[in-house]
Amino acid sequence: MSNLMNGARILLECLVRENVDCIFGYPGGVTLPLYDVLYDHPIRHVLVRHEENAAFAASGYAHATGKAGVCCATSGPGATNLTTGLVDAMMDSIPVVALTGQVTSKLIGTDAFQEADTFGITRSCTKHNFLVKDINELAQTIHEAFYIATTGRPGPVLVDITKDVLQGQAHYTPVHEIHLPGYKLVTEGHAGQIRRAAQMMWEARRPYVYAGGGIIAAGASGELQDLVETLDAPTVCTLMGLGGLPSSHPNFVSMPGMHGSYAANMGMYECDLLIALGVRFDDRVTGRLAAFAPHAKVIHVDIDPAEIGKNRAVDLPIVGDVKKVLTKLNRHLKEFAPTMQEERAADRAEWWQTVRNWKEEHPLQPVFSATEIKPQHLMYEIDRISGGKAIVASDVGQHQMWAAQFIRFDEPRLWVNSGGLGSMGYGLPSAMGAQMACPDKTVFAIVGDGGFQMALPELATLVNYGLNVKVIIMNNGYLGMVRQWQELFYNNRKSAVELSAFPNIEHLGAAYGIKSRIVHTPAELQAGLKEAMEENGPYLMDVRVSQYENVYPMVPAGGAINEMVLAPPQPVAVPK
Amino acid sequence: MLVTLSILLENKPGALMRVTGLLSQRGYNIESLTVARTLDPTLSRMTIVVDVETRLRPHLLKQMNRLINCLQANDLTEGPNVVRELVLLRVRAAQENRTAILKEAEIFGARVVDSSVEGFALEATGDGEKLDEFVAVMATYGEIEVTRSGAVAVSLEPKKLRLSPPVPKAQGEPAGTVK
């Protein structure tokens with residue numbers, strides 16, 4: 001059965017079959033045929049105020065659901081504006097499908113109005129990209145794009161569609177098969193390797209689980225929990241993996257890495273078996289590679305073969321979907337569990353005692369003050385409200401690290417942030433995406449005063465769609481993370497990091513019609529947050545935190561992870 | 001070090017760009033690149049000679065294999081293989097040198113593809129070093145103009161001998177289906 005329809009309608013038919021319920025986009029000349037069809041289509045279109053934020057919002061949507069987030073932009077500037085969001089999704093392995101309009105086929109290469117080589121520009125920004133110049137290839141391509149974006153190691157896929165394809169007519173035949181001869185998916189994991197992994201795990205005296213974003217992407221939280229409980233291994237979740245193991249789980253240590261806790265990093269250093277699950281040994285986690293887990297054998301499970309051995313030599317690699325691998329692994333572990341658990345009990349008790357001692361020596365503890373709001377205090381209060389259940393979308397910088405340190409996530413897909421690329425301006429639009437995906441959840445956007453101003457235009461989107469996002473601005477008047485590095489490594493010469501002239505948020509909120517409040521003192525903080533929670537709609541809160549607070553512990557770039565700077569060197573900073 | 005890669009990829013617009021992009025984004029310089037259709041017209045075979053840091057070789061190969069358009073990437077640098085290159089060379093020859101040039105060409109197994117009062121156009125194949133010598137020798141007879149094809153290579157390992165283009169079966173999951 002087939003019927004004649006235009007390219008735009010075929011496109012939407014495909015999106016419906018891919019269960020797309022929402023597109024973040026911005027229209028333009030060549031996407032007019034698409035927007036004409038969208039006008040009375042059940043798929044919801046969210047008009048953002050800048051295309052970059054469409055990509056970030058799609059990423060937030062994907063973070064919160066695991067489904068592909070869809071964004072859409074016109075040719076030329078629309079498409080080029082998407083690129084930061086695409087690279088961001090690439091770095092964090094987030095499934096995003098970007099649809100861009102392209103000038104009419106005949107005009108390609110003529111410097112036509114709003115023409116850009118989107119296909120060429122986004123080659124390195126995406127997992128894969130397509131240029132569709134033939135309407136008969138449109139449906140197939142769209143389904144392939146979704147398939148690539150959501151399978152294997154997820155990532156962004158862009159489909160560039162010429163205007164003549166969008167407005168041309170063709171018979172639409174539903175696509176039933178994907179043909180990608182070069183797309184190699186290894187998901188099952190090598191049975192022998194899995195068996196050997198189980199053996200190594202029982203042999204280890206100080207096993208340590210290092211779980212990352214792969215756990216979230218694979219939906220393997222349950223399997224992870226099963227594994228760490230069987231082994232009784234201390235577990236750290238990376239920035240991208242937070243929520244993979246509930247923060248309140250007794251085996252959860254905390255986040256490792258540059259701003260990870262002392263215990264988390266010392267565990268990495270002292271363990272004799274590192275069980276790396278869906279991680280990529282990022283430099284922000286490992287510090288100096290030579291000093292990373294120096295006493296440990298490494299088991300690395302990842303779906304992307306190119307990650308194996310990329311940064312750290314691996315003793316036992318397993319390429320596969322971490323959920324499938326862990327399911328089998330858990331079975332093998334349990335075969336020997338009763339006897340081995342008993343045999344290892346003394347080792348584990350000793351190992352846990354060591355970890356607990358580290359935790360007690362240098363705990364990650366929020367800092368409080370009677371006179372000023374410490375940023376950690378702010379995160380502590382947000383954590384109290386969230387109780388491990390709220391979606392927290394963070395921007396990039398100091399607040400991101402404090403949020404990661406102090407806010408608990410008891411489920412996967414609650415923590416939304418830009419980890420790999422570190423794109424400022426990500427927090428607010430990604431919170432919009434997450435809120436669209438999960439309208440019933442409490443959604444916080446925790447942003448700095450810098451990143452907030454990068455995403456400022458999206459306040460209008462919040463109002464337009466009544467998006468219930470609590471925007472919490474951690475305002476210290478500085479680009480705090482850059483300033484922290486200037487203080488520590490550049491003789492405290494604060495160059496271009498002071499953000500004076502921050503708008504009065506109450507006036508700004510009033511201008512947009514968003515309820516808002518400035519909070520100056522610790523005493524007001526709880527009341528402010530309570531008010532934010534009671535507001536059924538967007539809320540802006542400008543929290544004036546102590547200006548010169550820095551994030552600790554800290555592993556200086558290129559340093560060894562067991563050599564953390566635990567507290568600020570004195571004096572911290574010289575206030576003007 | 002110079003690495004010879006043999007890559008089987010889909011014969012599609014942009015596929016070449018993905019391969020070269022992977023190299024250029026790492027700042028690697030491509031020494032030579034050849035690409036042509038295989039027996040299966042939907043696929044192309046590419047031979048690339050590229051200067052890569054030794055320790056990054058395995059990683060580069062994995063990254064190549066990760067490209068959606070790439071069916072198979074092999075490193076042929078080590079192990080039994082044949083690498084050949086073609087050179088087209090024009091030499092302007094004085095009357096008294098013509099016989100000597102032809103003799104020399106014969107030694108290198110080169111063929112005359114054009115002969116005129118100006119001189120000869122010659123075609124030679126072989127490995128790169130042999131062709132370097134050929135070019136050097138010809139340069140002694142007069143002005144030359146040279147075009148080289150770059151290396152094409154084939155592995156001689158038994159397991160890599162496939163008469164039809166190898167299409168790896170997807171491990172684990174079958175080709176995807178749309179709901």
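These points describe the domains, one sheet and the nonpolar cores of a predicted model.

1. Residues are numbered from 1 along each chain as its sequence is written, and chains are lettered from A in the order in which they are written, with ligands numbered from 1 likewise. In this predicted model local features need pLDDT of at least 70 and side-chain atom pairs count only at pLDDT 80 or more, while totals for chains, interfaces and linings use all residues.

2. Chain A is assigned domain 1 (3-172), domain 2 (191-361) and domain 3 (375-544); such bounds come from an automatic or database domain assignment. The centres of domains 1 and 3 of chain A, taken over C-alpha atoms, are 29 Å apart.

3. Between these two domains of chain A, 24 residues of domain 1 are in contact with 26 residues of domain 3 (C-beta atoms, placed from the backbone, within 7 Å). On the domain 1 side, α3(A) gives the most, with 10 residues (helices are DSSP runs of H or I, at least four residues, and strands runs of E, at least two, numbered from the N terminus).

4. An open sheet of six strands in chain A has the order β16-β15-β17-β18-β20-β19, with parallel pairing (two strands pair if DSSP finds at least two bridges between them). β16 (415-416) and β19 (515-519) of chain A are at the edges with a single partner strand each, so one side of each lacks a neighbour in the sheet.

5. Strands β15 (residues 391-394) and β17 (residues 443-448) of chain A run parallel and are joined by four bridges. In this pair, A:A393 is opposite A:A445.
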